[in-house]
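Grab a pencil and work through a couple of short exercises on how the parts of this protein sit against each other. Try each task before you read its solution.

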Amino acid sequence: MIFMSYFDQKEPPRREARLNACIACGGTLDKMANRKMSCCLPDGERAFSQNSICLLLPALGMMNSIPNSVVLMHGAIGCGSSSHGGNAGVRAGNNHRWGVVKDATWISTALSEHDVIGGGEEKLAAAIREIDERYQPVIIFVVASCVPGIIGDDIDGLAQQLQPEIKAHILPVHCEGFKTKIWATAYDAVYHAIGRVFLKEAADSGKQAEKPIVNLMNVSSMGRVDEVELERLLKALGFDVNIFPVFAQPDKMTAVTQAQLSVSTCPTHDDYLLQYLEEKYGIPYVLRHMPIGIENTGLWIRDIASHFGLQEQAEQLIAAEEQELKAALAEFKPFFAGKKAFVSAGEFRALSTAILLAELGFEVVAVRSFHHDEFADSEYEKLVKVTEKEIPLNIANCQPFEEANLLRRIKPDIFLGHMNGNATAAKSGVATHVIYNVGLQYVGYKGAYELARRLYRQLQNPQFNHKLGRWTKLPYSDSWYEQDPFKYIQQPEVGAGE
Ligand code: SF4
């Protein structure tokens with residue numbers, strides 16, 4: 001039998017096909033344990049959808065961060081528009097790492113109606129040549145959006161044809177938005193291009209590295225402050241750390257093939273590349289827990305340490321960290337006891353943050369995840385154990401109308417949502433806290449303390465949101481709030497596809 005890797009293909013598969021991932025479900029948390037949720041069956045969909053997320057948004061978040069690169073959007077001019085909003089994160093990320101405020105460099109071929117009929121390859125070739133000459137980058141990401149996917153522009157063929165005359169590495173990235181509703185396919189698209197075109201077997205220097213090297217996979221929703229915390233924990237166990245891929249210099253990217261282990265911080269984010277690094281370069285990986293929350297950070301450290309036979313050192317480190325954290329949290333926990341928290345984010349982040357909130361003493365009353373796939377099954381099981389009762393779970397790629405309905409019923413004390421995702425809760429009069437701000441800490445033991453400190457301060461006085469709720473109005477009729485929040489989700493009966 002001939003083994004075919006996904007990386008032998010020009011494009012990665014859609015996550016709907018590869019992982020049976022889904023975006024539409026409404027039910028209770030306990031049903032998700034053991035993957036019994038009906039959204040995992042075929043045809044789970046919405047009869048009405050308010051909005052969606054194009055995979056370009058997270059893909060651009062990764063690519064725009066790479067130093068010495070240019071992102072060339074091949075498509076309609078509006079396709080790269082999220083780069084404007086995302087640029088604040090690029091400037092902050094560059095500043096936090098290297099002390100320079102530097103913008104992302106992204107360019108569009110701005111395809112016109114004429115190009116749609118005549119083809120856009122000539123325009124694309126001219127843009128690649130001009131970028132190479134004018135910016136002299138190490139990498140040019142050539143990003144296909146919907147239009148080239150529909151009209152059949154061959155970005156891979158063109159990249160291959162031009163590469164001998166272009167100094168930069170040309171990496172074709174497939175982000176045709178119409179192909180998938182699972183925005184997390186974006187990570188696979190970027191990793192596919194990096195793995196297929198850019199990574200190479202490391203040359204044997206003949207020297208033995210002094211310390212074991214681990215690849216620490218970061219995500220664009222994690223700031224430098226969080227990386228510092230994870231580096232601190234890994235260095236305490238005696239490792240050298242290579243952080244990849246967000247804000248990774250191109251030479252740090254190529255160094256991933258020299259590591260002894262790859263470590264994921266978010267299984268939703270990393271599985272596609274980590275499996276490839278093992279398959280092609282023999283680098284094993286750990287991909288189970290997200291280091292957010294007290295227990296989860298300990299589990300994450302134990303997984304890494306056990307790979308190198310360092311269990312005893314890991315237990316000592318965890319015990320010392322937990323002891324210090326427990327003492328630091330003592331002043332906050334009585335205040336948090338019984339306060340209701342609603343969490344909404346990318347699946348793994350939402351669940352691990354909900355578990356942390358339960359550890360801090362909050363009552364977790366609802367969770368929204370932007371999609372669902374198998375990697376989070378274990379997190380649902382952990383959360384079910386700490387919530388101890390049925391709580392609403394919504395799998396939704398945005399859909400604020402469902403969220404508004406849930407908020408009216410649940411009336412939480414605090415809503416933790418993604419950047420730009422807190423407006424519905426804020427206007428409903430609920431205190432909100434951002435779950436993703438690259439200047440704030442969320443990860444590891446320090447992140448647990450910092451989140452607790454911020455929530456304590458905020459919940460001392462939630463008047464701002466109470467007043468906002470009194471004087472603003474969401475655009476839904478009263479009759480909507482009387483209906484089932486999951487009314488428009490069409491789900492086959494559980495058991496129908498088993
Ligand atoms: S869905 Fe298509 S047209 Fe819309 S932003 Fe995404 S790639 Fe561009």
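**Exercise 1: domains in contact**

This predicted model has a protein chain split into domain 1 (56-198), domain 2 (213-321) and domain 3 (331-490).

Task: work out how many residues domain 2 and domain 3 bring to their contact, and which elements supply the domain 2 side.

Solution:
- Start with the spacing: the centres of domain 2 and domain 3, taken over C-alpha atoms, are 27 Å apart.
- Next, count the contacts: 22 residues of domain 2 touch 25 residues of domain 3.
- Now look for elements giving two or more residues to the domain 2 side: these are helix H10 (224-236), helix H12 (267-281) and helix H13 (294-307).
- H10 gives the most here, with five residues.
- Finally, sort that domain 2 side by class: 10 nonpolar, six polar and six charged residues.

**Exercise 2: a helix pair**

Task: decide whether helix H14 (residues 311-329) runs roughly parallel or roughly perpendicular to helix H20 (residues 444-460), then describe their contact.

Solution:
- Take the axes of H14 and H20: they come within 10 Å and cross at roughly 5°.
- Angles under 35 degrees count as roughly parallel, so H14 is roughly parallel to H20.
- Then find the residues that meet: H14 offers Glu321, Leu325, Ala328 and Leu329, and H20 offers Tyr445, Ala448, Tyr449 and Ala452.
- Last, classify the residues in this H14 contact with H20: seven are nonpolar, none is polar and one is charged.

Notes
Residues are numbered from 1 along each chain as its sequence is written. This is a predicted model: local features need pLDDT of at least 70, side-chain atom pairs count only at pLDDT 80 or more; totals for chains, interfaces and linings use all residues. Domain bounds come from an automatic or database domain assignment. Two residues are in contact if their C-beta atoms, placed from the backbone, lie within 7 Å. Helices (H or I, at least four residues) and strands (E, at least two) are DSSP runs, numbered from the N terminus. Ala, Val, Leu, Ile, Met, Phe, Trp, Tyr, Cys and Pro count as nonpolar, Asp, Glu, Lys and Arg as charged, and the others, Gly among them, as polar. Axes are lines fitted to C-alpha atoms, for helices over the stretch in contact, and angles run from 0 to 180 degrees between N-to-C directions. Angles under 35 degrees count as roughly parallel, over 145 as roughly antiparallel, 65 to 115 as roughly perpendicular and the rest as oblique.
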